[in-house]
Amino acid sequence: MRIHHLNCGTTRPLGGRLVSGAARPLVFARQVCHCLLIEIDDGLVLVDTGFGLDDTAHPERLSRRFRFYSRPVLDPEETAARQVVRLGYQVDDVRHIVLTHLDVDHAGGLGDFPNAKVHLSAAELDAARRPLTAQERFRYHSAQWAHGPDWVPHSTAGDNWLGFSAVRDLPGIPPSVLLIPLAGHTRGHVGVVIDTGGEGHGGSRRWLVHAGDAYFNHGQMERAASNPPFLTVFQSLLQADRTTRVHNLQRLNELALSGEADIFCAHDRFELDRARAAQLTGVGAGPLVAEA
């Protein structure tokens with residue numbers, strides 16, 4: 001199984017190291033939309049979509065408040081659709097999309113792959129279709145799925161994976177790709193786990209975990225966990241359930257420290273750089289070195 005690490009959308013929020021942990025405080029930080037493109041026997045699986053071509057052509061699809069705080073670059077060359085083509089595929093080769101959740105910077109590219117089956121948690125789809133709070137009404141932009149995706153909702157009850165409940169049966173997708181419930185940021189937020197087929201620490205199986213927005217900065221996965229102050233505020237403002245979010249964050253931290261999985265979140269550019277370096281060298285992720 002070959003896995004490509006893609007940045008499907010750059011944002012430039014004001015705050016420098018108060019957002020990214022690096023650079024000066026009063027400059028624009030750089031964040032990414034870290035997506036995965038997985039080659040399987042009969043096509044491709046895309047994990048999250050970032051922003052889509054319609055977002056780049058019509059920025060007004062995104063709320064004014066989102067654009068003000070996140071300052072998305074909205075470069076069409078960063079969209080998953082354009083990157084799939086540059087890799088030598090066609091957009092219809094993307095047979096399946098697996099979403100951690102339906103926030104605008106994760107689901108914007110759905111319309112670029114209208115024939116793909118879209119896998120997500122049933123709770124997340126329900127939250128988007130029937131928002132219960134002002135926050136849910138703000139965060140979900142139905143224009144991004146107005147084309148009528150082929151939704152494949154999943155219950156998050158299932159087998160056990162390293163202490164997490166896991167959904168292993170994603171129709172049409174190899175059993176080496178599974179979902180784990182990581183609710184808290186949204187009602188139905190999930191992580192996507194991939195058995196890479198390689199070896200991890202001590203000869204154990206090597207797992208890759210896309211944690212979506214279950215955390216926002218690589219410092220949160222360290223032994224002395226830390227997070228830039230602006231991201232701490234941002235996490236609290238956007239959380240659907242604080243107790244559940246904090247609990248899942250702690251579980252991910254324990255898993256990261258165990259060495260049994262390489263874990264990354266959706267928006268940390270240092271984690272994206274580390275994953276790409278590991279892909280080139282064929283070794284584990286190793287420590288992060290933040291740029292000044």
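## Lining of the largest pocket

In this predicted model, the lining of the largest pocket comprises 21 nonpolar, 9 polar and 6 charged residues. The lining has 36 residues, and those nearest the pocket centre are Tyr69, Ser70, Phe234, Leu237 and Leu238. The volume of this pocket is about 900 Å³.

Five elements each give two or more residues to the lining: helix H1 (17-20), helix H3 (64-70), helix H5 (104-107), H7 and H8. The contribution of H8, 6 residues, is the most.

## Helix H8

Helix H8 spans residues 229-238, and its buried residues are Leu231, Gln235 and Leu238. These buried residues lie on the same side of H8, because the arc they cover around the axis is only 80°. Leu238 thus appears in two lists: it is one of the buried residues of H8, and it is among the lining residues nearest the centre of the largest pocket.

## Ala143 and its loop

Helix H7 (134-139) and strand E6 (150-154) are joined by a loop that contains Ala143. Is Ala143 buried, partly exposed or exposed? Its relative accessible area is 40%, so Ala143 counts as partly exposed; the class runs between the buried limit of under 20% and the exposed limit of over 50%.

Along the chain, Ala143 and Val104 are 39 residues apart, and the distance between their C-alpha atoms is 9.8 Å. Helix H5, which covers 104-107, is among the elements that give two or more residues to the pocket lining, as is H7.

Key: Residues are numbered from 1 along each chain as its sequence is written. This is a predicted model: local features need pLDDT of at least 70, side-chain atom pairs count only at pLDDT 80 or more; totals for chains, interfaces and linings use all residues. Side-chain values use heavy atoms; hydrogens and water are left out. Buried means under 20% relative accessible area, exposed over 50%, partly exposed in between (1.4 Å probe, protein chains only). Helices (H or I, at least four residues) and strands (E, at least two) are DSSP runs, numbered from the N terminus. The arc is that of the directions from the helix axis to the C-beta atoms. On a 1 Å grid over the protein atoms alone, a cavity is a set of points where a 1.4 Å probe fits but cannot get out, and a pocket is an open set with protein on both sides within 12 Å along at least five of seven lines; lining residues have an atom within 4 Å of a point. Grid points are joined across faces, edges and corners, and a volume is the space filled by probe spheres set on the points. Ala, Val, Leu, Ile, Met, Phe, Trp, Tyr, Cys and Pro count as nonpolar, Asp, Glu, Lys and Arg as charged, and the others, Gly among them, as polar.
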